[in-house]
Amino acid sequence: LLLQLIMSSFSGTVDIAWSKNNDLLDVYITVSTTDDEGRITTTVKTISELWSFQILRLFEIYVLENLEMQCLRSEDKSELSIIDEDRRERIVKAKMLKLKYSKLKAMASLKGK
């Protein structure tokens with residue numbers, strides 16, 4: 001569920017790749033923020049390096065973001081098409097990520113991992 005929430009987010013992206021040790025698949029979460037002066041900060045974390053309270057907080061953040069986006073969508077008709085188009089693009093990316101996961105999982109089974 002957390003991955004689906006992040007994939008639907010406007011502030012985060014998800015990728016699946018081999019861990020640094022190249023022994024396990026890991027989920028990489030990328031979050032970009034812009035400060036008041038317009039500087040963009042990008043942070044990349046893996047699920048495996050997060051503490052349980054951090055995962056819980058991410059869940060809360062992404063649920064709130066999705067609720068706010070839905071409220072904005074229903075209150076401001078000018079945002080409706082922008083939000084819907086972004087969601088369609090994110091659905092395509094989610095399908096591609098699912099396909100990538102299937103391929104990586106198949107590769108792992110061939111390697112005996």
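pLDDT is the predictor's confidence in each residue, on a scale from 0 to 100. The model shown here is predicted, and the legends below walk through it view by view.

**View 1. Confidence along the protein chain.** The chain averages a pLDDT of 86, with 97% of its residues at 70 or more. Helix H1 comes out lowest, with a mean of 83, while strand E3 tops the list at 91. Keep that in mind for the close-ups of E3 further down.

**View 2. The three-stranded sheet, E1-E2-E3.** The sheet is open, and its strands pair antiparallel in the order E1-E2-E3. Strands E1 (12-18) and E3 (40-46) sit at the edges with a single partner strand each, so one side of each has no neighbour in the sheet. On average, neighbouring strands here are turned by 25° against each other, ignoring direction.

**View 3. The pairing of E1 with E2.** These two strands run antiparallel and are joined by seven bridges. For a handy landmark, look for Asp-15, whose bridge partner in E2 is Tyr-28.

**View 4. The pairing of E2 with E3, and the hairpin between them.** Strand E2 covers residues 25-34 and pairs with E3 in the antiparallel sense, again over seven bridges. Two cross-strand pairs are easy to pick out: Val-31 has Thr-43 in E3 as its bridge partner, and Ser-32 stands opposite Thr-42 in E3. Five residues lie between the strands of this hairpin. Gly-38 takes a positive phi near 90° there.

**View 5. Ile-40 and Thr-41, side by side in E3.** Both Ile-40 and Thr-41 belong to strand E3. In a regular strand, side chains alternate between the two faces of the sheet. Ile-40 has 60% relative accessibility, so it counts as exposed, the cut-off being over 50%. Thr-41 comes in at 45%, which makes it partly exposed. Setting aside neighbours within four places in sequence, Ile-40 is in contact with Ser-32, Thr-33 and Thr-34. On the same terms, Thr-41 is in contact with Val-31, Ser-32 and Thr-33. For a sense of scale, the C-alpha of Ile-40 is 36 Å from that of Ala-106, a residue 66 places away in sequence. The C-alpha atoms of Thr-41 and Leu-64 are 21 Å apart, with 23 residues separating them along the chain.

**View 6. Helix H2 and what covers it.** H2 (52-75) has 24 residues and spans 35 Å from first C-alpha to last, close to the 34 Å expected at 1.5 Å a residue. Its buried residues are Leu-58, Tyr-62, Glu-65, Asn-66 and Met-69. Their cover includes H1, E1, E2 and H3.

**View 7. Asn-66, a buried polar residue in H2.** Asn-66 has its place in helix H2. With a relative accessible area of 18%, Asn-66 is buried, because the cut-off is under 20%. The Asn-66 side chain reaches back along the chain to the backbone oxygen of Tyr-62, at 2.8 Å. Leaving out neighbours within four places in sequence, Asn-66 is in contact with Leu-5, Ser-8 and Arg-87.

**View 8. Helix H3 lying across the sheet.** H3 takes in residues 77-111 and lies across E1 and E2, running at about 15° to E1. With 35 residues, the helix reaches 51 Å from its first C-alpha to its last, close to the 51 Å expected at 1.5 Å a residue. Which residues of H3 are buried? They are Ile-83, Asp-84, Asp-86, Arg-90, Leu-97, Leu-104 and Ala-108. The buried residues of H3 pack against helix H1 (2-7), E1, E2 and helix H2.

**View 9. Arg-90, a buried arginine in H3.** Arg-90 lies in helix H3 and counts as buried at 14% relative accessibility. What does Arg-90 touch, not counting residues up to four places away in sequence? Its contacts are Ile-6, Met-7, Ser-8, Ser-9, Phe-10 and Gly-12. Ser-8 is a useful point for linking this close-up to View 7, where it turned up as a contact of Asn-66.

Notes
Residues numbered from 1 in each chain as written. Predicted model: local features only at pLDDT ≥ 70, side-chain atom pairs only at ≥ 80, totals over all residues. Heavy atoms only, no water. Pairing = 2+ DSSP bridges. Helix = DSSP H or I, 4+ residues; strand = E, 2+ residues; numbered from the N terminus. Axes fitted to C-alpha atoms, helices over the stretch in contact; angles between N-to-C directions. Contact = heavy atoms within 4.5 Å. Expected span 1.5 Å × (residues − 1). Buried < 20%, exposed > 50% of the residue type's maximum accessible area, 1.4 Å probe, protein only. Polar contact = N/O pair within 3.5 Å; in protein donor to acceptor, adjacent residues only side chain to side chain.
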